[in-house]
Amino acid sequence: MLFMIDENLRKKYANLKVAGDLHGDWQAFKAIENNFDSENDILIFLGDYADRGDHGLEIIETLYSWVKKGAENIVLLKGNHELYSPEGLPRFRPCDLTLESEQKRGGWDAFFRQTMKPFLSRLYHAALLPGEILFVHAGVSSEIKNIDSLRNPELSLERNLLWSDPVEDDTYERFNTMRGEGVLFGESLTKEICTRLEVKKIIRSHQPTLASEKPHVTHDGRLITTQSTSSYNGKPCLLNIPLKETGEWELIEL
């Protein structure tokens, strides 16, 4: 699914705030909440809500309670740590959320059925600020032909959106052997996808250590990696993008 930040939303809200991977960091999550003005902001989360930290369950429960209320200005993207089978089998390792749910809620099966599965159904594969920015969890691939490619992505494209990583050289695209899923993509492909989608930048997360001190900017300024967790000993942050006169993002340290 694709979330479009259309002209009506741009007129209604002043800022777009972007949170990267949380990975169970409750303190960072509460700091994001405190920096979110529901009257003036759109808030986008780029995925990976649980695992690594101790409070992924509480983060997911809170976010699910928010989206159930139908808020138009809270957007949740899917990360690779939100990949489960229909029965609740995680498609990644390690998955700490299963153990966390057993300790705090008495069992994984009930938590998955009652909370996690409906939560997963509310997640988007990407978000688009037309003419400006594409938001994804991990990366891009040559399978993105146009905007329609992102509305209902094929399974192979979904995996690329959730697992891919950039490289500093000008590799166009090759299999991501380090993760065993997704692709490695270079500056030329980033530029090509920006052209196809008519955007200036791509904002992603997926690599907290790459952005541990501050957002990592590469591919001639077109690709920004951010994060919002201390679970990898980094400095959590939030990006703020003014919507009225979209320009450079501003950094909010959490």
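**A tour of helices H2 and H3 and the neighbouring sheet**

In this predicted model, begin by selecting Trp26, Phe29 and Glu33 in helix H2, which meet Glu58, Ile59, Thr62, Leu63 and Trp66 in helix H3. Colour these residues by class: the contact of H2 with H3 comprises 5 nonpolar, 1 polar and 2 charged residues.

Next, display the two helices in full, H2 as residues 26–35 and H3 as residues 56–68. Their axes come within 10 Å and cross at roughly 25°. Because angles under 35 degrees count as roughly parallel, H2 is described as roughly parallel to H3.

Keep H3 in view and add strands S3 and S4. H3 lies across both of these strands, and its direction makes an angle of about 125° with S4.

Now extend the selection to the sheet. Which order do its strands follow? The sheet is open, with 5 strands arranged as S4-S3-S2-S13-S14, and its pairing is mixed. At the edges, select strand S4 (74–76) and strand S14 (250–253). Each has a single partner strand, so one side of each is left without a neighbour in the sheet. Viewed from strand to strand, the twist averages 20° from one to the next.

Finally, turn to one pairing within this sheet. Select strand S2, residues 15–19, together with strand S3, residues 41–45. In what sense do S2 and S3 pair, parallel or antiparallel? They pair in the parallel sense, over 5 bridges. To inspect one bridge, centre the view on Leu16, whose bridge partner in S3 is Ile42. S3 also leads back to the helices, since H3 lies across S3 and S4.

Key:
Residues numbered from 1 in each chain as written. Predicted model: local features only at pLDDT ≥ 70, side-chain atom pairs only at ≥ 80, totals over all residues. Heavy atoms only, no water. Axes fitted to C-alpha atoms, helices over the stretch in contact; angles between N-to-C directions. Helix = DSSP H or I, 4+ residues; strand = E, 2+ residues; numbered from the N terminus. Parallel < 35°, antiparallel > 145°, perpendicular 65-115°, else oblique. Contact = heavy atoms within 4.5 Å. Nonpolar A, V, L, I, M, F, W, Y, C, P; charged D, E, K, R; others polar. Pairing = 2+ DSSP bridges.
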